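User: I am new to this structure and would like a close look at one loop. Please start there, then carry on to whatever helps me read the rest.

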Amino acid sequence: MANESQNWVLMVTAQTPTNIAVIKYWGKRDETLILPVNDSISVTLDPNHLCTTTTVAVSPSFQQDRMWLNGKEISLSGGRFQSCLREIRSRACDVEDKKKGIKITKEDWGKLHLHIASYNNFPTAAGLASSAAGFACLVYALGKLMNVKEDESQLSAVARQGSGSACRSLYGGFVKWIMGKEENGNDSLAVQLADEKHWDDLVILIAVVSSRQKETSSTSGMRETVETSLLLQHRAKEVVPKRILQMEEAIRNRDFTSFSKLTCADSNQFHAVCLDTSPPIFYMNDTSHRIISIVEKWNRSEEAPQVAYTFDAGPNAVLIARNRKAATLLIQRLLYYFPPSSDDLNSYIIGDNSIAKDAGINGIPDIEALLPPPEIKDNIPSQKYKGDVSYFICTRPGRGPVSLSDESQALLNGENGLPK
Ligand code: DP6
């Protein structure tokens, strides 16, 4: 390190999206390397509404690797962080910043310590795949800082070792995680199937469902499923390989009918596999089931499906509407059944609220005036479930990771490398 002073700090800030699987990853064949039992496919969500921002910094003055998540210091001693840091350091290259008079050689990276600050633009507690965006962002930002020459796909194999679903957040649009065959996991990585512009009619609505229940983590849930569920073996061997091919074709042809049928069926099978686990795991609750019924009833009353639903390891519904028109009809239905429990509409519908405006929803009186959806033919007055949905996020398929060059967006102070 031929540097004039030891006080310099070099940093990179990146922003990475989260993703929602439409063919689910559930079950590992290797717990340490995080190798899955089947391929999976996801849609990347628009980072304007859901993303992680991470600043990584290096300085000879840092005494140890440290990390802050949403402003609070967290431990980096866990195996998954350690795997990501080790793997990315092993790929580091020479870095030179002539302006600052900094030169770091490939070998130096093993001795230098890092500071990492990460921030989610959505509530971590909402159960919205924050670990996927988080590990993807950590690996992507470190890759830039350390001048790693590998492409996104190779970086995805590093992010995978932080959290399986993270590997799919290295790309925008539609992404496939290929399970791979090799024992060392080098061929278990993400590839982009199509970018976010390929199918930009789609609108995504997330219902963040109120829940008091502490859920089983994905990691331990899928371990128990692998140990006890015979249905998982059937799913991984017989069902998913065919579904992956069908889903790739549906995405290629923008065939919403197939896309929707496959997405709903795969979400339902994932939850069936959870139920087939001993002891059984319940991720969906009554509100989740109600949302499925509303969508199924509506889809069946139309000539072709209007909306697909999918649920991860929690009760939140991710609803994918075929286009803007379908999204406005969907939001009317959801607001009819799940009116807000407060008067603050702006905190009830977040993200791209132009969809609600298109649906004629500008205030609480518009929600109160909504009529029951026409597909309810019986005369039983339909019940409303005020307060069962905490809030809705309106979004769409989005782009992959980017680095942010504007230093004002950095989460660490450029002078001392500590959180701003
Ligand atoms: C239900 O990626 O959170 O969201 O690899 O143990 O960190 P680990 O699990 P994680 O599991 C995600 C499971 C899922 C389905 C999916 O995203 O494919």
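Analyst: Asn70 sits in the loop between β7 (66-69) and β8 (72-74). Keep in mind that this is a predicted model. What is the phi of Asn70? Phi is positive, about 50 degrees, although Asn70 is not a glycine. Is Asn70 buried, partly exposed or exposed? Its relative accessibility is 35%. Buried needs under 20% and exposed needs over 50%, so Asn70 counts as partly exposed.

Now go along the chain to Arg254. Here too phi is positive, near 50 degrees, in a residue other than glycine. The setting is again a loop, between α5 (230-252) and α6. Arg254 has a relative accessible area of 46%, so it is partly exposed.

Another loop deserves a stop. Find Pro279, between α6 (256-275) and α7 (286-301). The peptide bond that joins Ser278 and Pro279 is cis. Its omega is about -5 degrees.

Next come the strands. Start with Glu96, found in strand β9 (residues 95-97). Its relative accessibility of 47% falls between the two limits, so Glu96 counts as partly exposed. Which residue can be paired with Glu96 across 51 positions of the chain? Asn147 can. The C-alpha atoms of Glu96 and Asn147 are separated by 9.6 Å.

Ala117 belongs to strand β11 (residues 113-120). At 4% relative accessibility it is under the limit for burial, so Ala117 counts as buried. Its partner for a distance check is Leu128, eleven residues away in sequence. From C-alpha to C-alpha, Ala117 and Leu128 are 19 Å apart in space.

Ile204 lies in strand β14 (residues 203-209). Its relative accessibility is 0%, so Ile204 counts as buried. Look across to Arg322, 118 residues apart from Ile204 along the chain. Their C-alpha atoms are separated by 9.0 Å.

Ile320 is placed in strand β16 (residues 317-321). A relative accessible area of 1% makes Ile320 buried. Between the C-alpha atoms of Ile320 and Glu375 there is a separation of 19 Å. Along the chain, these two residues are 55 apart.

Buried residues bring us to the core. In soluble globular proteins, nonpolar side chains tend to be buried together. The largest nonpolar core here has 70 residues. Which of them touch the most other members? They are Ile206, Phe259, Leu319, Leu335, Phe338 and Phe392. Helix α8 (residues 324-337) supplies the largest share of this core, with eight residues. Where does the core lie with respect to the domains? Domain 1 (10-195) and domain 2 (203-395) both give residues to it, so it lies between them.

The ligand also draws on both domains. Each of domain 1 (10-195) and domain 2 (203-395) gives at least three residues to the shell around it. There are 17 residues around the ligand. Those that come nearest are Tyr25, Lys28, Arg80, Ser163 and Ser165. How does the shell divide by residue type? Seven of its residues are nonpolar, five are polar and five are charged. Which element gives the most to this shell? Helix α4 (residues 218-228) does, with three residues.

Now zoom in on the oxygen atoms of the ligand. An N or O atom in the side chain of Tyr25 is 2.6 Å from one such oxygen. For Arg80, a side-chain N or O atom is 2.7 Å from an oxygen atom of the ligand. Arg168 has a polar side-chain atom 2.8 Å from an oxygen atom of the ligand. A polar contact is counted within 3.5 Å. How much of the ligand does the protein cover? On its own, the ligand has 460 Å² of accessible area, and the protein covers 93% of that.

Notes:
Residues are numbered from 1 along each chain as its sequence is written. This is a predicted model: local features need pLDDT of at least 70, side-chain atom pairs count only at pLDDT 80 or more; totals for chains, interfaces and linings use all residues. Side-chain values use heavy atoms; hydrogens and water are left out. A residue is near a molecule or strand if one of its heavy atoms lies within 4 Å of it. A polar contact is a pair of N or O atoms within 3.5 Å; within protein, one must be able to donate a hydrogen and the other to accept it, and residues adjacent in sequence count only if both atoms are side-chain atoms. Accessible areas come from the Shrake-Rupley method with a 1.4 Å probe; for residues, only the protein chains shown count as cover. Helices (H or I, at least four residues) and strands (E, at least two) are DSSP runs, numbered from the N terminus. Ala, Val, Leu, Ile, Met, Phe, Trp, Tyr, Cys and Pro count as nonpolar, Asp, Glu, Lys and Arg as charged, and the others, Gly among them, as polar. Domain bounds come from an automatic or database domain assignment. A nonpolar core is a set of buried Ala, Val, Leu, Ile, Met, Phe, Trp, Tyr and Cys residues joined through side-chain atoms within 4.5 Å. Buried means under 20% relative accessible area, exposed over 50%, partly exposed in between (1.4 Å probe, protein chains only).
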